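Reader: I am new to this structure. Please pick a single part of it, go through that part closely, and then follow the chain to what belongs with it.

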Amino acid sequence: MDAAIAELQRGFLDPGQIASSRTIMGLDRQLIADGTYFLVQDGAHIAGCGGWSRRATLYGGDHTPGRDAALLDPATEPARVRAMYTHPDFARRGVGRLILSLCEQAARAEGFRRVELMATLSGRALYSQCGYQDIEAIEDARGGAPVPLVRMGKAL
């Protein structure tokens, strides 16, 4: 996760925004406890990880302020795609697309009809290619410097 934040956001964010990203991003262990987190390995190397959630929090790690573990209603609310990271050595090799597909299939199997996520600028192209559409652009300054993000959604 740290390598993905540090390297893949270069060219999209300045060093202060990358540092700020570490406060607002990261692993949410609730996804692991819920059994909704995926890990892709290439031998002993972690190529990527990511998950989906039936809970209200849209993004952020264990340490991120403002989390909400309330369960979502699949009939009226979108599932969340969360904590997507690809190791830089495996970027643009289909790892993120695979994890995204697994998340969508699992959310659909639980009755969700829609999914949303909060995209970094570096991840936005992948999500767009996979059918996600922009909902709103925001800036999150909880880590110090304002980090631009885009909430995106897709019908399942």
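Author: Two strands pair if DSSP finds at least two bridges between them. Helices (H or I, at least four residues) and strands (E, at least two) are DSSP runs, numbered from the N terminus. The model is predicted, so local features need pLDDT of at least 70 and side-chain atom pairs count only at pLDDT 80 or more, while totals for chains, interfaces and linings use all residues. Residues are numbered from 1 along each chain as its sequence is written, and side-chain values use heavy atoms, with hydrogens and water left out.

The part chosen is strand β3, residues 79-86. Eight of its eight residues are buried, where buried means under 20% relative accessible area, exposed over 50%, and partly exposed in between (1.4 Å probe, protein chains only).

β3 has a partner in strand β2 (residues 45-53), and the two run antiparallel over five bridges. In this pairing Tyr85 of β3 has Cys49 opposite. With strand β4 (residues 114-120), β3 pairs in the parallel sense over two bridges. Here Ala79 faces Val115 of β4. Between β3 and β4 the chain passes through helix α4 (residues 95-109), a right-handed β-α-β crossover. Right-handed means that, with the strands pointing away from the viewer, the path from the first strand over the helix to the second runs clockwise.

Two residues on this stretch have an unusual backbone sign to check. Ala83 lies in strand β3, and its phi is positive, about 50°, although it is not a glycine. Ala83 counts as buried because its relative accessibility is 14%. Arg92 sits in the loop between β3 and α4. Its phi is also positive, near 60°, in a residue other than glycine. Arg92 counts as exposed because its relative accessibility is 80%.

The link on the other side of β3 is the loop between β2 and β3, where Arg55 is found. Arg55 is buried, since its relative accessible area is 18%. Its contacts (heavy atoms within 4.5 Å), leaving aside residues up to four places away in sequence, include Gln30, Asp68, Leu72 and Arg80. Asp34 is also touched by Arg55, and the side chains of these two make a polar contact at 2.7 Å. A polar contact is a pair of N or O atoms within 3.5 Å; within protein, one must be able to donate a hydrogen and the other to accept it, and residues adjacent in sequence count only if both atoms are side-chain atoms.

Cys49, opposite Tyr85 in β3, raises the matter of disulfides. A disulfide is a covalent bond between the sulfur atoms of two cysteines. Here the rule is a pair of cysteine sulfur atoms within 2.5 Å, and by it the count is zero. For Cys49, the nearest cysteine sulfur is that of Cys103, 10 Å away. Cys49 counts as buried because its relative accessibility is 9%. For Cys130, which is in no disulfide either, the nearest cysteine sulfur is again that of Cys103, at 11 Å. Cys130 is buried too, since its relative accessible area is 14%.

Elsewhere in the chain, helix α2 (residues 15-24) has Gln17, Ile18, Ser20, Ser21 and Ile24 as its buried residues. They lie on the same side of α2 because they cover an arc of only 160° around the axis, an arc taken from the directions from the helix axis to the C-beta atoms. Among what covers them are α1 (2-8), β5 (133-140) and β6 (147-155).
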